[in-house]
Structures are given as C-alpha cells and as structure tokens.
Amino acid sequence: MSRRAPGGGARSSAASTASALPAISTEDMCPVCKTIRYLNKDMEFLINPECYHSMCSNCVNRLFNDGPNQCPYAGCHRTLRRKGFRSAFFGDLSVEREVDIRRRVAAVFNQAEDDFETLADYNDYLLKVEDLTFDLVSGGDARRRAAEATLQQWEAEHKADIERNRKAGKEADEQSRRRLAAEREAARQRRVDALREAEEEKLERLRTREAELDSLAQGEAGTAQRVQLKRRGQAAAHRAVDAAVSAAAGGNATSDTALGFMSIRGLKEKKKPPAPEGPYDPFGGLDFVPSRYKMHAGLTHPAIEKYRADPAHITGGYSFAEYTARAMFEAFAGLGVFIEDEKEVGIGLSAGEVATISAGIAAVGDKMELD
Amino acid sequence: MAVSPLVAPTIDMLPSSRPASSPGKRLPTSTVPSSNDNGTPRLLLPGNRLGPDGGATPAVTLDPIEQLNEDEKRKYVKGKKLGEGTYANVYLGHARHDPSVLVAIKKIKVQQQYQDGMAPDAVRELKYLRELHHPNIISLLSVFSSKDQNLNLVLEYLPLGDLEMLIRDVDRVRYGAGDIKAWMGMLTRAVWFCHDNFVLHRDIKPNNLLIAADGEVKLADFGLARAFADPGRRMTANVITRWYRPPELLFGARHYGGAVDVWSVGMVFAELIIRAPYLAGNTEVEQIALICKQIGTPTEDNWPGVTHLREYTVPSDVVPVWGKDAYMGRFGAVGADGVDLLVRTVALDPKKRITAREMLEHRWWRTDPKPTPKEELPRKSAGGEEKMGADLKRRNGLLDGEGSNGVQRGAKVARKLDFGALAK
C-alpha cells in the first residue's frame, strides 16, 4: 500500500529522483548522517519505495520512530513512515525500483496463456503489458501518469477477475506441487517394491533349493529327473509371475504418466470459462402436446371398431392410438389460423402472391374450359 | 403443418388425353397436400397448363405458374455434378444472389415406367419434405421443373457425408459413447418428429443420415415415406432396406405403424456400436434367420398372432428371446441404460416395441456420458460431397450395390464380411 502514489505529480518527482539514485555498494557512508562503515560495522542501508533514497538504519530509527516524517534528502519532500523501510535486494536501486513496479503490474495483469483463444492474442496482451510497464519504469512524466491511471483503472474495474486469476494461479502451483510429490512418492514406492520383490525371490530360490535337496536325499532312484522337471516348471512359473509383475508395473507407470497428463489437461480445461449449457433435452425443445384438445385413451369411431379386433391389424403393430391422434389433429388443423395474421403462406410466398396466382389459375382455367 | 385448401384447384386434374407437360410446374404454389391422401400423387400430377395447342407454346406467353417456375429456377445456379444414377442426378448448386449459399439440386429423371406422371418416390419425397421442417430432417428449399420436364428438388447442402462413412472408416474415425448418444439423439428426434406428424419414413439406415457442416445429423431420402394409413387400408410390406427391416414386414404384415421405423433406429444404434451392420442378411429368408438367431425366434408366446402372418417362416430350431445380459458383451460400450434402450427398440412384437417418443423419454439420455456437442463430433472431411451425391441418387430401399447401376459401389459395402456363415 505504501507504494501507491497519492497523486501523479508526487509520483513523478519521486521517479525523477529515482533516475539519479546513488549506488550504496560503492560508498559505505550514510548520506544522511555521514557515518562510515568503519565506525559502525553493522551499518545497514534501508530504502523506502516511496522515493528509494537510502539511509542507514540508525537514521531511520532516529527520524521515523516518532511517526511519519519528511525524507531527509534535500529537495525530496516525500513523507515517509518507519513501516515502509526495508533493505534493498539489489545493489542498483533503479533495478530494485523496476522490480517493484513489475511485481505490482504482474499482480494486476495476471492472465495466463490459457485464458486466451489463440497464442497471438496472448502475445498481444503481453506486449501491451510490457509497454505499460516500460512507461511506468522509464517513461516521461506524461506517459508515466497515463500508464499509472490505466493500471489503477484496470485494477478497479477487474477486481474480481484479478482475484480469480490469482486464485487459479495459486491452485495451479499447488496442484503441480502435489503432482510432483505424488510422482516422487510413486517412484519411491516402486523402488521399495522392487527391493522387496528381489528379497522374496532370493528367499524363494533358497527354499526351492532346499526342497530339491531334501527330495533328492529322501527320494528313490529315478526321481531326480522328475524333480529337475518340477523345478524347471517352477522356474517357468516364476518367469511368468515376473513377467506379469513387470507388465503390471509397466502398466502402472504408463497409467501414472497418463494420469499426470490427464491432470494437466483437466487443469487447462478448468481454467476455461465453463460453457453455459443446460441439461440435455432429448426432444430438442419441441413439444407436440395439442393445445386445443386433449387426447383420451378411449377415443374411437364406429367405423374403425371392426378393425380393432382384426388380427392383421393387431399382429402387424398397427397403432390405433396413432390413428386417433391423427384424426384429432386433422379435425382441428387450421383452426386458429387467420389469413390476415399469416405473413407468409407456404414457403416464400406472400398472401398477395397466392391471390394473384389463384386468379391466374382461374383465368387460365376459364380459357381451358372453352376448348 | 397447415393444410391449405386455398390453392387446391378444383379444375380438371387428370388430363389423361394430353401429353404430360411439366410435372413440377405447379409445386411452387405451395399446394400442400392434405395428409390423409395416403400417397396418391393426385395433387401433384401434371396438369396441362399451356395453351390449347398442347405444349410447345413459346416462352413469350408464360402463364403465372410458368412464370413462378422460371423465377424459382432462376434463384439457383446449377454447378458440377456430384453423382448420377438411374433415378436421379445430383448437382452442386448455389443461390444466384449469393454464391456462398450452397445447395444440392436433385434432378429426378423421367422414368420409363412412369411416363404419364412422376415417379411415386419423387412424389413422396416432395410431399413430405415440403411439410416437415426440423433441424434433423433435410430441408427442401425449393422445387422447379427444368426445360426437359425434369423435376428438380433443391435440398440443403450437407457436405460431410453420411453416418455410414463414419461407421465404416474404422481406421481413421474413432468415436465413443458420447458421440453415439449425440447421433442417436438427433436420429431419434427426427423419427419422433416424423411420427408425431404422422409420417412413416420407412427407409432409415446410416446411408440416409447425412451430416451437415455443423455436425448435425439429418434424416434424408423420403422416397419411401408415407402418412400413417387409415385402419383397413393396406400398406406394402416391401419397404425399408433389408438389413434394417423389422420382422413384421419380413413376415408380410400389411397393417403396421411407427414401430417399423423404431426397429430400423435400433439397427442403426447397434451398427453404430459394433461398427458393422448388425443383421446383414443377403436374402429375406436369411434376414429372418439372422433375427431369429441374434434376437430370438418370434413365436405365439412372445408375439401373439405372429404365426398367422402371411409369410411367417422361421428356422425350425427355436431360439428363446435373448435377455439384456446377452447384449451386454457386444453392446456394453453404451452402458447398461443404452443396452436397455437397444433391447427395447428391437422387441420382436411391434406392440411391445418402444415408440420414438418413449425412446426420447428414456433415462439413457440423462446418464453419463453426456452427448457430445454437435460441433465436436468426429467427422470426415474428404469424400463427403461424393457421398451425398451417391446417397441422394440412390433408388430407395436398396443397399449400395443393389439395383442396376450400383455394381461398382457394391465393393465398399460390408459385403466382404461373411455374415451368411452366421446364419447357418
């Protein structure tokens, strides 16, 4: 918050001083109290991002412990607070300032590539942001002011979006961290499993060897070959088991990677704005329930009674319900249709056209009746 | 579906003594035939509207109807030929005012058998496409007759081929349960819409399910369609391509209802899952045998009265109707609910078969996975154009490779799979 300039003018004065910032690393002397490192071994230089004027921590304490005070630099009339002071990360204070600005811009313009339809759009966006950042960092007074205004306006207008993107970014970080952890864990598990398997195999081999020796010692002559065969069979079984295990492991590995990809994919999808869609309507939004009459189950007509019992109709699947529905529909068809209300008659013909055509028909018809 | 008696002319409609002049001429006057006149092309038969000298009147004296036809014709520009068949030629065309609006123009040829009028399939197609407007039904944009008295149907252009292409291209096209659900949803909606408007399609198969540029599946080819019949009126049993024909039609039932289309939908459903025709019999007898083997033998127990149907013949060894579990192995990809829906659509007794409306009310649509949005459905870009041409020019109710001109096309149908061996 302390970085927020109260007005454009003040900001510009701060920046103009920023362009002529002294480099502290070269001279180990506090520009305010002129103390040198020789006298104070633990001397620490602090800056306030309001104006980036550095001074030693003693001066800061001395000047600002009793509340806000003016910057002691000549010509700098900025009011600074104790709270705003920190030690600079970069030796070059102009770099420090640029990084601060960039951090601030990045917090506001925090769209990810996935938020854009195409890569070109994203690149355009990046370019725009970079232009704005450049104006803030090293533009002239007017440009800086304009950029500052843009930034603040954008921040005010897109508060919700910014917050959502921030959260999404956090979530993504969290997810990738978790995925990495899961992968590491899986790898560890695989190693442990492999070790245990090797151990078991060794034990098993020992056991079979003992059993073999025992049977040789106790068995009659001629069994030796059978034992050999049996052992071979066991070995084959082992090999089969091994193959199965390795296949399963391979499967696991692939499924792991697949899962990894899936989660990345899903993540991308999650960032997309969800398309607004309702539940699937199998009828496609149409409804043919008649509005002018109701269908009853027992509708019939004397003329069709005799067919109801006709086996040919029943077996073939003829539906009398379909017939009554149609009869009712046709009985009511056209009711509620008024020619005046119908802008269009048929397809692409106006009522007037139809009238002229029917007149034409009538005329020709008369002629034809003559011959 | 407003019935408009307004322009239905009362004057002499059947001038049998005069040569047929222009079959399609009167169509743009939007004479919507009343839906109970069961397929007789009464309203659309040619009426001689020319001068008394019988036809060859020069174009200077166009009567209003001819003028209308000319106007309609001028709206479209015919482009290259997409396909040619004995029944119709299909051209790519575009609207004259805007070349980016593409259409398919199906030019129906004058046929030898129907010299005096129009081929009934053309009449049927016109009659029903004119009335049915639904996102999942191919839309008929216009009709006009061209100079040699050929009927031209202007249909919407569906560039992405048909469902059969996607089903057959096992190597390059992959799809999952969500895609099947989306396609089935569109197909079932189209069939439900037809049935709720009292139209039987009678030729549902993957060939006739064309795919629009946005992935929407459109039911096309209404050449065998008809309105629901009145009680007592016999319908032909010789409809629906054999592989998709329900048992009641194979047994020669003459009084049937929407259940015949539902069986075809079930067959398409099964085909979508296993990516090969489910019951592909080479003859009708073989088809019945396949149904008996794969689904169960129709008997008096599971279908009362079936033995009295005219052409009831089943193999001697009776197979009991398979339960849901028997389908799980082969069709389990769509989940237990999907299999439940499939089993209901292939019920032998048409009375027990699920209706199109009940299909849409089934819980399968609401369970996971969700149907894929149509834009994300798998598609094939190459060859769709030719396929639409081939689909539209085909004579109805026949498989590819059947009929006079289809010999060379026969090779790419799954004929290679020897399903005949299964039947024995």
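Visitor: Over how many bridges do β2(B) and strand β3 of chain B pair in the antiparallel sense?
Guide: Happy to start there, keeping in mind that this is a predicted model. Strand β3 covers residues 102-108 of chain B. It runs antiparallel to β2(B), and the number of bridges in this pairing is seven.

Visitor: Which residue in β3(B) is the bridge partner of Ala88(B)?
Guide: Ala88(B) is among the residues in the UniProt "binding site" annotation, which comes from an unreviewed entry. Looking across to β3(B), its bridge partner is Ile108(B).

Visitor: Which are the edge strands of the open sheet in chain B?
Guide: Let's lay the sheet out: it has five strands, paired antiparallel in the order β1-β2-β3-β5-β4 (chain B). An edge strand pairs on one side only, and here the edge strands are β1 and β4 (140-145) of chain B.

Visitor: What is the average twist from one strand to the next, and which helix packs on the sheet?
Guide: Going from strand to strand, the twist averages 25°. The helix touches β3, β4 and β5 (151-156) of chain B, and its direction makes about 45° with that of β5(B). It spans residues 120-129 of chain B and is named α2.

Visitor: Is Val90(B) buried or exposed?
Guide: Val90(B) sits in strand β2 of chain B and belongs to the annotated "binding site". Its contacts include Leu82(B), Ala104(B) and Leu392(B). Because 25 other C-beta atoms lie within 10 Å, Val90(B) is buried.

Visitor: And why does Tyr87(B) count as buried?
Guide: Tyr87(B), also listed in that UniProt annotation, lies in the loop between β1 (76-84) and β2 (88-95) of chain B. The cut-off for buried is 20 or more other C-beta atoms within 10 Å. Tyr87(B) counts as buried because its C-beta neighbours inside 10 Å number 22.

Key:
Residues are numbered from 1 along each chain as its sequence is written. Chains are lettered from A and ligands numbered from 1 in the order in which they are written. This is a predicted model: local features need pLDDT of at least 70, side-chain atom pairs count only at pLDDT 80 or more; totals for chains, interfaces and linings use all residues. UniProt positions are given in the numbering used here, feature names are shortened, and annotations may be inferred rather than shown by experiment. Helices (H or I, at least four residues) and strands (E, at least two) are DSSP runs, numbered from the N terminus. A residue is buried if 20 or more other C-beta atoms lie within 10 Å of its own, exposed if 12 or fewer, and partly exposed in between; C-beta atoms are placed from the backbone. Two residues are in contact if their C-beta atoms, placed from the backbone, lie within 7 Å. Two strands pair if DSSP finds at least two bridges between them. Axes are lines fitted to C-alpha atoms, for helices over the stretch in contact, and angles run from 0 to 180 degrees between N-to-C directions. Lists of a residue's contacts leave out its neighbours within four places in sequence.
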